[in-house]
Amino acid sequence: TGLAVFSGLQMRQAEIQQIRTSVAVSKTALANNQTLDADVASIRAVRILQKSFWQTVMPDHKLKISVLGQLQQTTVTGQEQNRLELHPGLIGNSTPYNYSEFNGILGVGVVSGPLSGPLYSITFSPDGSQLAALRGDGTVRLWDTSGKQLAVFKSPQGRIASITFSPDGSQLATHGEDGTAHLWDTAGKQIATFDIQDDPIGSISFSPDGSQLIIRGLFGAVRLWDTTGKQIAAFDDHQGQITSITFNPNGSQIATHGDDGIRLWDTTGKQIAAFGHQGQIDSFTFNPNGSQIATYYEEDGTLRLWNTTGKQQLAAFDGHQGLIFSTTFSPDGSQMATGGTDGTVRLWDTTGKQLAAFEGYQGSVFSIAFSPDGTQLATSGMDGTVRLWLVGSMNELLSRQCDWVRDYLTNNVDVDESDRKLCDGIGQ
């Protein structure tokens, strides 16, 4: 029995070496622009991994991530789905950035060009057909996903600081450096203005049904309004500054975070619960069904997941080297994406396990958004690009890659006979 175990471990190590060799060959071929050879080697690594008995009973997670990352890089070579480009009248000739793929995500597009300022925020419309982006010049640009610019939004009294779509996608809310908030239709026409007396507006968000907006002032005021500009309720029990606010996904509660902790309220302004934590919470967000809250602690640099009482920590997410600027849940709540000053975007499950890391940004990552169906991830950062990534499993990416190289495997005389059947039964 001992001899059998020893023999099995030797087989496992031999398979690991075969996989690592195939990944290394793929990387070398890709660096030398031998894209088809790189494709074949990455597929070979995947197939050895998938067929390995020992990787089933004794999986090597880091090895799998390495194989998946190389599959991503080879899959996207020459297979760009679309490119969103900034308005040529504003930036001159567009100079696209090269995009790259890491650990389970396929990049499918990029907004690029000589910069008139970085892109600080990016968000999908609820149906996924449009993208709104906040530029460094303070304007908001609205595109469809083919790259056509639809509208430009500019506050009459200063730069725009944030953007958010209404749930039905028919309106956008912004707030600007003049301290007011504005409601727009998607043609760029202003509908309503919101102003908190003696307190510049710091953030604004819609209720889930789109009938109300919750607005936070920089000095601590929180107000609930309808979309005509009428105030409904005030939330005034915090001691100190309020840093963030959000609706529960069902719209029945509002969460506020301030110097004295997080509080839950109903929509009449009545406090339901209050809880605080050790350390300064920098930001928080509900999961899609409202049963959990993710909080970011700037003091220790970690993201934490809690139940809605705030008393039970469910998971901690530790991996970024620096501050986290953006946190978002996938639409089904099974994953979270984060980005920050280390220039990476990271994908996690809700147990705190890191699933992927994307390291192609030059500078900080400011904003992340999942598409409504959860199949795409849009990211923006200091380098001025908006990148669209296709979230896919190893099998999905393998199928795409095999579609790309199948004829080459079948017909090219230089292909090793051992590789000709790598894609048999894949994607057919």
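In the predicted model, a salt bridge joins the side chains of Arg44 and Asp419, with an N to O distance of 2.9 Å. Arg44 belongs to helix α2 (residues 35-51), whereas Asp419 is found in the segment after α6; the contact therefore ties together parts of the chain that are 375 residues apart in sequence. The two partners can also be described by their accessibility. Arg44 has a relative accessibility of 22% and counts as partly exposed, since the buried class ends at 20%. Asp419, with a relative accessible area of 5%, is buried.

A search of the whole structure finds four salt bridges, among them the Arg44 and Asp419 pair. Another is formed by Glu417 and Arg420, whose side chains meet at 2.9 Å, N to O. Glu417 is exposed, at 62% relative accessibility. Arg420, at 19%, counts as buried, because the limit for that class is under 20% relative accessible area. A further salt bridge links Arg346 and Asp342, with 3.6 Å from N to O; this distance qualifies because the criterion is a separation within 4 Å. In this pair Arg346 is buried at 11% relative accessibility, while Asp342 is partly exposed at 22%.

Helix α6 comprises the 18 residues 394-411. At 1.5 Å a residue, a span of 26 Å is expected for a helix of this length, and the end C-alpha atoms lie 25 Å apart, which agrees. The helix nevertheless bends, by about 50°, at Val405. Val405 itself is among the buried residues of α6. The others are Met394, Leu397, Leu398, Gln401, Cys402, Arg406, Tyr408 and Leu409.

Aromatic contacts were examined next. A pair of aromatic rings is described by the distance of the centres and the angle of the planes. Five aromatic pairs are present in the structure. In one of them, Phe153 and Trp184 are arranged edge-to-face, with 5.6 Å centre to centre and 80° between the planes. Phe153 is part of strand β6 (residues 149-153) and Trp184 of strand β9 (residues 181-185), so this pair ties together parts that are 31 residues apart in sequence. Both Phe153 and Trp184 are buried.

The rings of Phe235 and Trp265 have centres 5.4 Å apart and planes at 80°, so this pair is edge-to-face, given that an angle over 60 degrees places a pair in that class. Phe235 lies in the loop between β14 (231-234) and β15 (242-247), and Trp265 in strand β17 (residues 261-266); the pair thus links distant parts of the chain, 30 residues apart. Both Phe235 and Trp265 are buried.

Strand β14, which precedes the loop holding Phe235, also takes part in strand pairing. Strand β13 (residues 222-226) runs antiparallel to β14 and is joined to β14 by three bridges. Across this pairing, Leu224 stands opposite Ala233 in β14. The two strands, β13 and β14, form a hairpin with four residues between them. Within the turn, Gly229 has a positive phi of about 100°.

Key: Residues numbered from 1 in each chain as written. Predicted model: local features only at pLDDT ≥ 70, side-chain atom pairs only at ≥ 80, totals over all residues. Heavy atoms only, no water. Phe/Tyr/Trp six-rings, centres within 6.5 Å; stacked < 30°, edge-to-face > 60°. Buried < 20%, exposed > 50% of the residue type's maximum accessible area, 1.4 Å probe, protein only. Expected span 1.5 Å × (residues − 1). Bend = angle between axes of the 7 residues up to and from the residue. Pairing = 2+ DSSP bridges.
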